[in-house]
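Please open the structure in a viewer and keep the sequence at hand. The tour below proceeds from one selection to the next.

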Amino acid sequence: MSSDDPALEQGETGDETKQFLVKCESCSFERSTDGREEATRLGNVHHRETGHEIVAVEVPPSVDPEPE
Ligand SMILES: [Zn+2]
């Protein structure tokens, strides 16, 4: 029984299925991607083309609002 495992957050697996929002600090470029690798790749492409700095923000999976 491990339904109450506090170490769950520290798992290093699952990055490939996480959603990332790639945003540019210098223009309105914004793109959502699946996986950190794709986010990094997109950021590199935009940086190479424009020299802009890119930030990748992890998008948490949509959670249902807690019922009262
Ligand atoms: Zn840009």
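With its C-beta neighbours inside 10 Å counted, is Lys 18 buried or partly exposed? Lys 18 counts as partly exposed, because it has 15 such neighbours. The classes rest on C-beta atoms placed from the backbone: a residue is buried if 20 or more other C-beta atoms lie within 10 Å of its own, exposed if 12 or fewer, and partly exposed in between.

Two notes on conventions apply throughout. This is a predicted model, in which local features need pLDDT of at least 70 and side-chain atom pairs count only at pLDDT 80 or more, while totals for chains, interfaces and linings use all residues. Residues are numbered from 1 along each chain as its sequence is written.

**First stop: Lys 18**

Select Lys 18, which is placed in the segment before β1. Apart from neighbours within four places in sequence, Lys 18 is in contact with Gly 35, Arg 36 and Glu 58; a contact requires C-beta atoms, placed from the backbone, to lie within 7 Å. Add Thr 33 to the selection: its C-alpha atom is separated by 8.4 Å from that of Lys 18, although the two are 15 residues apart along the chain.

**Second stop: the whole protein**

Now display the secondary structure, which comes to 1 helix and 3 strands. Helices (H or I, at least four residues) and strands (E, at least two) are DSSP runs, numbered from the N terminus. Along the sequence, the pattern is β-β-α-β. Of the 68 residues in the protein, 7% are buried. Among contacts with a separation of 6 or more, 40% are between residues 24 or more positions apart.

**Third stop: the sheet**

Select the three strands together. They form an open sheet in the order β2-β1-β3, with antiparallel pairing; strands pair if DSSP finds at least two bridges between them. β2 and β3 stand at the edges with a single partner strand each, so one side of each has no neighbour in the sheet. On average, neighbouring strands of this sheet are turned by 25° against each other, direction ignored. For such angles, axes are lines fitted to C-alpha atoms, for helices over the stretch in contact, and angles run from 0 to 180 degrees between N-to-C directions.

Next, restrict the view to β1 (residues 19–24) and β2 (residues 30–34), which run antiparallel and are joined by 5 bridges. A hairpin of 5 residues connects β1 to β2. Phe 20 stands opposite Thr 33 in β2, and the bridge partner of Lys 23 in β2 is Glu 30.

Then replace β2 with β3 (residues 54–59), which is antiparallel to β1 and joined to it by 6 bridges. Here Gln 19 has Val 59 as its bridge partner in β3, while Lys 23 stands opposite Val 55 in β3.

**Fourth stop: Ile 54**

Which residues does Ile 54 touch, not counting those up to four places away in sequence? Select Ile 54 in strand β3, and add Val 22, Cys 24, Gly 43, His 46 and His 47, which it touches. Ile 54 counts as buried, because it has 20 C-beta neighbours inside 10 Å. The C-alpha atom of Phe 29 is separated by 9.0 Å from that of Ile 54, 25 residues apart along the chain.

**Last stop: the helix and Leu 42**

Select α1, whose 15 residues reach 21 Å from first C-alpha to last, close to the 21 Å expected at 1.5 Å a residue. The expected span is 1.5 Å times one less than the number of residues in the helix. Gly 51, with a positive phi near 80°, follows α1.

Within α1 (residues 36–50), pick Leu 42. Leu 42 is partly exposed, with 18 other C-beta atoms within 10 Å. Residues up to four places away in sequence aside, Leu 42 touches Val 22, Arg 31 and Thr 33. To finish, draw a distance between the C-alpha atoms of Leu 42 and Lys 23: the separation is 9.9 Å, for residues 19 apart along the chain.

Technical notes:
Contact = placed C-beta atoms within 7 Å.
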